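Student: Let us go through this model one question at a time. Please keep the answers short.

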Amino acid sequence: MRLTSPAFSRGDPLPRHFAKEHGNKSPPLRFQDVPKAAKSIALIVNDPDAPRGTFTHWVLFNVPPETSELLENQTPAGAVSGRNDYGDVGYGGPRPPSGTHRYFFQAYALDTSLKLPPGATATEVEQAMETHVLENAELMGTYSADTR
């Protein structure tokens, strides 16, 4: 399984309009080589460089497994948005207080759909999918406070 984006490459800076204060648009993502046995895809985006520990920016689950692309700032039909650490349901873009932070986009192909309500947290999604991950993929981008 592979996860890529037409908006940024692995290790490169995220474009400014994906940041919390400059549009807060979720980036487009592409899923490739999703296992045929997958029943859904989950996506969790974390910043491990946050001052108080890992900060979750996006939780999305029950993405249909045939989804090959998430379009910019759109949620596919059937997918469910979870709660980010800003306290909002849906995407919350980068807003590092200082320095350059890393943003890990982690996609998981699951052998089930998760029976969780909208607004579920990353921890709840991780616990629910614990024994159901068929494959996973990761894409990391950066964002600097200097570009705020």
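Student: Why does Ser144 count as buried?
Tutor: Buried means under 20% relative accessible area, exposed over 50%, and partly exposed in between (1.4 Å probe, protein chains only). Ser144 counts as buried because its relative accessibility is 17%.

Student: What should I know about the model itself?
Tutor: It is a predicted model: local features need pLDDT of at least 70, side-chain atom pairs count only at pLDDT 80 or more, and totals for chains, interfaces and linings use all residues. Residues are numbered from 1 along each chain as its sequence is written, and side-chain values use heavy atoms, leaving out hydrogens and water.

Student: Which residue makes a side-chain polar contact with Ser144?
Tutor: Ser144 sits in strand β8, residues 133–144 (strands are DSSP E runs of at least two residues, numbered from the N terminus). Beyond its neighbours within four places in sequence, Ser144 is in contact with Pro96, Gly99 and Thr100 (contact: heavy atoms within 4.5 Å). A polar contact is a pair of N or O atoms within 3.5 Å, one able to donate a hydrogen and the other to accept it; residues adjacent in sequence count only if both atoms are side-chain atoms. At 2.6 Å, the side chain of Ser144 has such a contact with the side chain of Thr100.

Student: Which backbone oxygen lies 2.6 Å from a polar atom of the Ser5 side chain?
Tutor: Ser5 is in the loop between β1 (2–4) and β2, and it is buried, at 12% relative accessibility. Its side chain reaches the backbone nitrogen of Ala7 at 3.0 Å. Not counting residues up to four places away in sequence, Ser5 touches Leu29, Leu139 and Pro28. The backbone oxygen at 2.6 Å is that of Pro28.

Student: Which element gives the largest share of the largest nonpolar core?
Tutor: A nonpolar core is a set of buried Ala, Val, Leu, Ile, Met, Phe, Trp, Tyr and Cys residues joined through side-chain atoms within 4.5 Å. The largest has 25 residues, and Leu3, Leu29, Leu43, Trp58, Leu70 and Phe105 touch the most other members. Two or more residues come from each of β2 (29–32), β3 (40–47), β4, β7 and β8. The largest share, four residues, is from β7.

Student: How many residues are in the other core?
Tutor: It lies apart from the largest one. Val59, Leu114, Val125 and Met129 are among its members. The count is 12 residues.

Student: Asp33 and Asn62 have positive phi values. Which is buried, and which is exposed?
Tutor: Phi is near 55 degrees at Asp33 and about 60 degrees at Asn62. Asn62 is in strand β4, and at 14% relative accessibility it is buried. The loop between β2 and β3 holds Asp33. With a relative accessible area of 55%, the exposed residue is Asp33.

Student: Which residues lie nearest the centre of the largest pocket?
Tutor: Its lining has 14 residues, and β4 (55–63) and β7 (100–110) each supply at least two of them. On a 1 Å grid over the protein atoms alone, a pocket is an open set of points where a 1.4 Å probe fits, with protein on both sides within 12 Å along at least five of seven lines; lining residues have an atom within 4 Å of a point. Nearest the centre are Ala50, Pro51, Phe55, Arg95 and Pro97.
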